[in-house]
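Have your viewer ready, with a cartoon view and side chains you can switch on as you go. We will move from stop to stop, picking a few residues at a time.

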Amino acid sequence: RDVAVTGVQTCALPIYPSLTGYQLVMRFFNYLNPQNQAKLQAFLATAFTIQRANGTMANKTQYLANHPTYNDAVLRVDAAQYGGGLLTVNSVNWQSTVPNAYSPTQYTFAWVNGAWQLLSFNRYASSTTLPAPLTAA
């Protein structure tokens, strides 16, 4: 069953979906810094949800009230797919100051009113070795 997300519009296919995905995820990491709280609030879609590796979930309001910061984030984008106004990014991220903690992640961005917004973020269990690149299905 298809579920519509209010306000999502189609846009021109990103020429390099993986590059666009990388830029959007790094923007998200930058907006997590306390001085960028207003930008983070605008960047998160109204229907934003996060699912953490421990199984807990949060909506936009809950996440804005208690989110981490990433001052030293490193990101590898493995695959990105675009369709119907949504860009899904499969990646692995880690912090350069935290050795041997690689987290596979998946982000979904929605094109809403002429701009990208983060719709969902899933973090999977960390690994002590850098996982092999994921491939798009």
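Select Leu40 first and show what lies around it: leaving out residues up to four places away in sequence, Leu40 touches Phe28, Tyr31, Leu32, Leu64 and His67. You are looking at a predicted model, so keep that in mind throughout. Leu40 belongs to helix H2, and its relative accessibility of 0% means that it counts as buried. Now draw a distance from the C-alpha atom of Leu40 to that of Leu64: the two are 24 residues apart along the chain, yet 8.0 Å separates these atoms.

**Next stop: Phe28 and the core**

Stay with one of those neighbours, Phe28. Not counting residues up to four places away in sequence, Phe28 touches Leu40, Phe43, Leu44, Tyr63, Tyr107, Leu118 and Phe121. What is the size of the largest nonpolar core, and which residues have the most contacts inside it? The core has 27 residues, and Phe28, Tyr107 and Phe109 are those with the most contacts within it. Many elements contribute: H1, H2, strand E1 (44-51), helix H3 (60-65), E3, E4, E5 and strand E6 (115-123) each supply at least two of its residues.

**Zoom out for a moment**

Color by secondary structure. The protein has 3 helices and 6 strands, and from the N terminus on they follow the order α-α-β-β-α-β-β-β-β. Of the 137 residues, 42% are buried. Among contacts between residues at least 6 apart in sequence, 52% join residues at least 24 apart. The accessible surface comes to about 7,700 Å², with 53% of it belonging to carbon and sulfur atoms.

**Strand E1 and its two partners**

Select Phe48, which is found in strand E1. Is Phe48 buried or exposed? At 1% relative accessibility, Phe48 counts as buried, because buried here means under 20%. Show its surroundings: leaving aside neighbours within four places in sequence, Phe48 is in contact with Ala58, Asn59, Lys60, Tyr63, Leu118, Leu119, Ser120 and Phe121. One of these, Phe121, is 73 residues away along the chain, with 8.1 Å between the two C-alpha atoms.

Now follow the strand pairing. E1 pairs with E6 in the parallel sense over 4 bridges; pick Gln51 and you will find its bridge partner, Asn122, in E6. E1 is also joined by 3 bridges to strand E2 (residues 57-59), and these two run antiparallel. Here, Thr49 has Asn59 of E2 as its bridge partner. E1 and E2 make a hairpin with 5 residues between them, and in the turn Gly55 has a positive phi of about 95 degrees.

**Strands E3, E4 and E5**

Select residues 86-95, which are strand E4. Of its 10 residues, 7 are buried, so E4 is largely enclosed by the rest of the structure. Add strand E3 (residues 73-83), which runs antiparallel to E4 and is joined to it by 10 bridges. You can check this pairing at Ala73, which stands opposite Gln95 in E4. The hairpin formed by E3 and E4 has 2 residues between the strands, and Gly84 in the turn has a positive phi of about 60 degrees.

Then bring in strand E5 (residues 103-112), which pairs with E4 in the antiparallel sense over 8 bridges. For a landmark, pick Asn93, which stands opposite Ser103 in E5.

**A charged pair**

How many salt bridges does the structure hold? There is 1. Show the side chains of Asp78 and Arg76, which meet in a salt bridge at 2.7 Å, N to O. At 16% relative accessibility, Asp78 counts as buried.

**A loop residue, then the surface**

Go to Asn33, in the loop between H1 and helix H2 (37-43). Asn33 is buried, with a relative accessible area of 11%. Leaving aside neighbours within four places in sequence, Asn33 is in contact with Thr69 and Asn71.

For the last stop, switch on the surface and select Tyr16, in the segment before helix H1 (17-31). Tyr16 is exposed, with a relative accessible area of 58%. Together with Ile15, Leu19 and Tyr22, Tyr16 makes a nonpolar surface patch of about 480 Å².

Terms used
Residues numbered from 1 in each chain as written. Predicted model: local features only at pLDDT ≥ 70, side-chain atom pairs only at ≥ 80, totals over all residues. Heavy atoms only, no water. Patch = residues over 30% accessible without salt bridge, like charges linked within 9 Å, V, L, I, M, F, W, Y side chains within 5 Å. Areas by Shrake-Rupley, 256 points an atom, 1.4 Å probe, with all protein chains shown as cover. Salt bridge = Lys/Arg side-chain N within 4 Å of Asp/Glu carboxyl O. Buried < 20%, exposed > 50% of the residue type's maximum accessible area, 1.4 Å probe, protein only. Pairing = 2+ DSSP bridges. Contact = heavy atoms within 4.5 Å. Core = buried A, V, L, I, M, F, W, Y, C linked by side-chain atoms within 4.5 Å.
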